[in-house]
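Q: I am new to this structure and would like a close look at a single part of it, the disulfides, together with the helices around them. Please take me through that part slowly, and then set it within the rest of the chain.

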Amino acid sequence: MRSNRTRRRATVLLAAATALAVAGCTAEKKDKADTAGGTGAPPPAAAIAPGVTADSIKIGIVYPDLSAVKHVMNIDHGDYEATYNALIKKINDAGGINGRKIVPVYGAVNVVSPAAANETCVKLTQDEKVFAVIGELNTDEPLCYVETNKTALVGASLTGKYYAKAQAPWFAYNRGGDEVADGVAQFQSAMAGKKVAVIGTSGEQGLVNETVLPALKNLGVTPVETAIMDANSRDAAAIAQQMGVFIQKFQSSGVDVVVGAGGATGQFGRELEKTSYRPRVLATSLDMVKTYVDDHSAKHDFSTMNNALALGYQEKWTEPAMQECVATVEAAIPDLKGKLVDPDTIPAGTVAPHVSVMNACRNLALFKAIADKAGKDLTYQSFQNAGFSLGSFQVPGYADKANYSQQTPHGALPARVFTFDPAITKFVVAAP
């Protein structure tokens with residue numbers, strides 16, 4: 001999905017690179033899919049208010065520390081702390097939230113340290129005892145907050161599987177792949193009468209087994225091949241060789257359509273260029289396939305994407321709430337004047353300060369909306385009830401509005417289908 005460029009441009013560019021750097025591939029025949037997966041709702045929240053005083057609300061802010069990978073990747077999201085500070089100052093200068101000023105506590109997560117995410121979680125929840133944490137987290141990292149430490153969370157990928165384990169209020173604007181189950185139905189006509197294969201990475205095997213395969217089964221589609229890139233290797237040449245074998249399996253099985261689950265799609269396209277085989281690609285993540293089609297560092301044969309479709313949220317850089325955030329940050333950080341531009345106009349691999357702005361703008365906007373509605377008596381109970389009754393809400397930078405209820409704590413932004421336009425080598429939203 002093109003699910004918010006905040007969660008993924010804060011993590012997707014890195015995830016796409018690292019996932020493929022440590023993965024090889026294996027392919028296996030599949031007759032039926034696993035249907036494991038969790039749903040449910042957290043218990044009613046208690047009327048407690050850690051980190052809240054008569055005139056302040058202490059919140060934790062999590063963001064990726066990319067300094068450790070700068071020597072191998074040109075990834076720069078801008079200054080997260082300066083960006084958050086600018087937006088928080090504007091809120092506080094306007095009276096805060098029901099008279100309370102936001103007091104931020106930052107937690108930078110070293111993206112190459114396996115222990116960093118948990119260390120940040122412990123710092124914010126146990127040492128700082130914040131009221132809530134906002135930011136972008138990967139895979140099961142939210143559980144340290146909402147399950148283990150019973151701390152409210154705004155942001156990350158709210159999946160049914162993890163939400164069922166939450167012991168504290170949790171709201172987000174990203175479903176972490178759950179939306180793919182609905183979105184895949186929009187691929188039905190493209191798969192009709194075709195031989196279908198599925199490709200995914202080992203890190204996204206849950207997405208494949210618990211979401212993509214069951215969704216295909218519901219449509220009456222049984223893949224003739226399902227392949228998971230699961231070899232733990234940092235040898236790019238070996239990965240390419242294995243992907244070549246993988247492509248040969250698809251071709252020999254007569255596969256017409258390949259459903260790419262998450263990060264595997266881009267690498268699949270790169271290796272497909274080396275062959276004359278051209279199956280139709282259906283990508284479940286627009287952000288991930290864009291890491292391929294937006295790469296102009298080398299000459300590519302994008303005929304690999306002819307008639308390709310991708311699922312994503314329809315973002316809108318000119319959306320007023322987002323542009324208000326941009327103006328606030330530019331005023332606070334003059335060096336950014338003129339540099340915060342539509343992400344679709346920025347070449348891959350260049351400095352992207354808009355990422356921290358989009359991340360901060362969306363997470364703060366959602367937290368403030370819920371906390372405002374909770375009223376002066378701010379507790380986990382009132383915060384949870386407010387989120388469940390928030391209703392229609394404009395998440396900054398999206399064309400569609402989210403809708404928050406007890407059944408949709410993730411906002412239920414609708415998945416759109418994007419088609420590849422070879423004339424401009426970009427994916428564009430399909431006509432309704």
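A: The torsion about the S-S bond of Cys 325 and Cys 361 is about 75 degrees, so this disulfide is right-handed. The model in which it is seen is a predicted one, and in that model the sulfur atoms of Cys 325 and Cys 361 lie 2.1 Å apart. A disulfide is, in general, a covalent bond that runs between the sulfur atoms of two cysteines. Here the bond links distant parts of the chain, since Cys 325 belongs to helix α12 (residues 320-332) and Cys 361 to helix α13, with their positions 36 residues apart in the sequence. Cys 325 and Cys 361 are both buried.

This link is part of a short list, for the structure holds two disulfides. The other one joins Cys 121 to Cys 144, with a distance from S to S of 2.1 Å. About its S-S bond the angle is -95 degrees, and the link of Cys 121 and Cys 144 is left-handed, whereas the link of Cys 325 and Cys 361 is right-handed. Cys 121 lies in helix α3 (residues 116-127) and Cys 144 in helix α4 (residues 142-148), so this pair ties together parts of the chain that are 23 residues apart in sequence. As with the pair described above, both Cys 121 and Cys 144 are buried. When the bonded cysteines are counted along the chain, the disulfides follow the pattern 1-2, 3-4.

Helix α13, which carries Cys 361, deserves a longer look. His 354 is also found in helix α13, and at 1% relative accessibility His 354 counts as buried, because the limit for that class is under 20%. The C-alpha atom of His 354 is separated by 5.4 Å from that of Leu 340, although His 354 and Leu 340 are 14 residues apart along the chain.

Helix α13 also packs against a neighbour. Two packed helices are described by the angle between their axes and by the distance between those axes. Helix α13 (residues 354-374) and helix α14 (residues 380-388) pack at an angle of about 110 degrees, and their axes are 8 Å apart. That angle makes α13 roughly perpendicular to α14, a term that covers angles of 65 to 115 degrees. The crossing of α13 and α14 is right-handed. On the side of α13, the contact is made by Phe 367, Ile 370, Ala 371, Lys 373 and Ala 374, and on the side of α14 by Ser 382, Phe 383, Ala 386 and Gly 387. Sorted by class, the residues of this contact comprise six nonpolar, two polar and one charged.

A second helix pair in the chain can be set beside this one. The axes of helix α10 (residues 264-272) and helix α11 (residues 286-293) come within 7 Å and cross at roughly 30 degrees. α10 and α11 are therefore roughly parallel to each other, whereas α13 is roughly perpendicular to α14. The crossing in which α10 passes α11 is right-handed. Its contact is made by Thr 265, Gly 266, Gly 269 and Arg 270 of α10 together with Val 289, Thr 291 and Tyr 292 of α11. By class, the contact of α10 with α11 has two nonpolar, four polar and one charged residues.

Two loop residues add some backbone detail. Most residues other than glycine have a negative phi. In Asn 98, however, phi is near 50 degrees, which is a positive value in a residue other than glycine. Asn 98 sits in the loop between α2 (80-93) and β3 (101-110), and with a relative accessible area of 30% Asn 98 is partly exposed. Thr 139 has a positive phi as well, near 40 degrees, and lies in the loop between β4 (132-135) and α4, the helix that holds Cys 144. At 54% relative accessibility, Thr 139 counts as exposed.

Finally, the chain as a whole gives these parts their setting. Its secondary structure comes to 14 helices and 15 strands, and 56% of its 432 residues count as buried. Among the contacts between residues at least 6 apart in sequence, 71% join residues that are at least 24 apart.

Conventions: Residues are numbered from 1 along each chain as its sequence is written. This is a predicted model: local features need pLDDT of at least 70, side-chain atom pairs count only at pLDDT 80 or more; totals for chains, interfaces and linings use all residues. Side-chain values use heavy atoms; hydrogens and water are left out. Axes are lines fitted to C-alpha atoms, for helices over the stretch in contact, and angles run from 0 to 180 degrees between N-to-C directions. Helices (H or I, at least four residues) and strands (E, at least two) are DSSP runs, numbered from the N terminus. Angles under 35 degrees count as roughly parallel, over 145 as roughly antiparallel, 65 to 115 as roughly perpendicular and the rest as oblique. A crossing is left-handed if the near helix is turned anticlockwise from the far one by less than a right angle, and right-handed if clockwise. Contact means heavy atoms within 4.5 Å. Ala, Val, Leu, Ile, Met, Phe, Trp, Tyr, Cys and Pro count as nonpolar, Asp, Glu, Lys and Arg as charged, and the others, Gly among them, as polar. A disulfide is a pair of cysteine sulfur atoms within 2.5 Å. Buried means under 20% relative accessible area, exposed over 50%, partly exposed in between (1.4 Å probe, protein chains only).
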